[in-house]
Amino acid sequence: MTWPPPGDNLREAFAQESLMYIPPHFHEIDPDQVRAVIEAAPLACIVAQTDQGLVANHIPLLPAPDGALIGHVALANDMHRLIAEGQEVLAIFRGDDAYVSPNFYPSKPEHHRHVPTWNYQVVHCHGTIAFQHDDHAKRAAVGLLTRTHERRLNGKDAWRMADAPADYIQQMLAGIVAFRITVNRTLAKSKLSQNRDERDYLGAIAGLENSGQSGVAQRMRDRLKP
């Protein structure tokens, strides 16, 4: 599985645009970082403009081998009725985030020229959506999601669709709609104190760790590795 899709020019695929404010030092173009955010936080917020205004739904998504995003919604969810076939949607993946206090910076007592901020990672995937009502597509979507998450959680004891009675699975599949988002633009932002000097950067890491925000602190530590 690759992300972004093979053949993309990274500078073009991750081009900074007015669609999201991204100062150059926070512009994330490393595909490994983008993939890590999506894998760690697969519950995306899918946003679309409809005749009834903006709609937003929180749906777990996974990249397919061809780079599309795969998911499914309940048949009762009006999302698949409100959003037109082939319409552009925005899928937002939000990674770890944390408040950063000026007290974290060793240089603060020297000049007090610091203010609070917020560190975070986020990925915006723009693309066109196609809904799929056939049994094959629905089985494929559920299979991809369950295989991935069950193996991560339970390893060799992973739950499989075949563990449940066939008629029950068929009943559950009848109650969902699968979909694919063909991604045509990806914008990613890693706001992780890259604009600080080394001692304040390390101070921010220590402050975040001491305040229980180990996730963001680890993301910052990872960026120190050659």
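**Exercise 1. List the residues that Phe93 touches, leaving out those up to four places away in sequence.**

Solution. Phe93 touches Val37, Ile38, Ala41, Pro42, Ala44, Leu61, Leu69, Gln121, Val122, Val123 and Cys125. A contact here means heavy atoms within 4.5 Å.

A note on the basis of these values. This is a predicted model, in which local features need pLDDT of at least 70, side-chain atom pairs count only at pLDDT 80 or more, and totals for chains, interfaces and linings use all residues. Residues are numbered from 1 along each chain as its sequence is written, and side-chain values use heavy atoms, with hydrogens and water left out.

**Exercise 2. Place Phe93 in the largest nonpolar core, and state which elements supply at least two residues each.**

Solution. Step one is the definition. A nonpolar core is a set of buried Ala, Val, Leu, Ile, Met, Phe, Trp, Tyr and Cys residues joined through side-chain atoms within 4.5 Å. Buried means under 20% relative accessible area, exposed means over 50%, and partly exposed lies in between (1.4 Å probe, protein chains only).

Step two is the membership. The largest core has 25 residues. Phe93 is among those with the most contacts inside it, along with Ile46, Leu61 and Phe179.

Step three is the origin of the residues. At least two each come from helix 2 (31-40), strand 1 (43-50), strand 2 (53-60), strand 4 (69-74), strand 5 (88-100), strand 6 (117-132) and strand 7 (176-191). Strand 7 gives the largest share, five residues. Helices (H or I, at least four residues) and strands (E, at least two) are DSSP runs, numbered from the N terminus.

Step four looks beyond this core. Another core, of twelve residues, lies apart from it. Its members include Phe104, Tyr105, Ile205 and Ala217.

**Exercise 3. Describe the protein as a whole.**

Solution. Start with the elements: eight helices and seven strands. The C-alpha atoms fill a box of roughly 70 × 45 × 35 Å along the principal axes. Of the 226 residues, 45% are buried.

Next, take the contacts between residues at least 6 apart in sequence. Of these, 73% join residues at least 24 apart.

Then the surface. The protein exposes about 12200 Å², and carbon and sulfur atoms supply 53% of this area. Accessible areas come from the Shrake-Rupley method with a 1.4 Å probe; for residues, only the protein chains shown count as cover.

Last, the charges. There are 23 positive and 26 negative ones, and their mean positions are 4 Å apart. Lys and Arg count as positive, Asp and Glu as negative; His and the chain ends are not counted. Each charge is placed at NZ of Lys, CZ of Arg, CG of Asp or CD of Glu.

**Exercise 4. Work through the salt bridges Arg185 to Glu88, Arg199 to Glu110 and Asp157 to Lys156.**

Solution. Side chains of opposite charge can pair when their charged atoms come close. The cut-off is a side-chain nitrogen of Lys or Arg within 4 Å of a carboxyl oxygen of Asp or Glu. The structure holds twelve such bridges.

- Arg185 and Glu88 meet at 3.7 Å, N to O. Arg185 sits in strand 7 and Glu88 in strand 5, 97 residues apart, so the pair links distant parts of the chain. Arg185 is partly exposed at 25%, and Glu88 is partly exposed at 42%.
- Arg199 and Glu110 meet at 2.8 Å, N to O. Arg199 is in helix 7 (residues 198-210) and Glu110 in helix 4 (residues 108-111), 89 residues apart. Arg199 is partly exposed at 38%, whereas Glu110 is exposed at 54%.
- Asp157 and Lys156 have their closest N and O atoms 3.6 Å apart. Asp157 is exposed at 57%, and Lys156 is exposed at 79%.

**Exercise 5. Is His126 buried or exposed? List its contacts, leaving out residues up to four places away in sequence.**

Solution. His126 lies in strand 6. His126 counts as buried because its relative accessibility is 8%. His126 touches Leu19, Glu88, Val89, Leu90, Thr182, Val183, Asn184, Arg185 and Leu187. Among these contacts are Glu88 and Arg185, the partners of a salt bridge in Exercise 4.

**Exercise 6. Compare the settings of His112 and Ser193.**

Solution. Take phi for each. His112 has a positive phi of about 60 degrees although it is not a glycine. Ser193, also not a glycine, has a positive phi near 65 degrees.

Now the location. His112 is in the loop between helix 4 and strand 6. Ser193 is in the loop between strand 7 and helix 7.

Finally, exposure. His112 is exposed, at 54%, whereas Ser193 is buried, at 3%.
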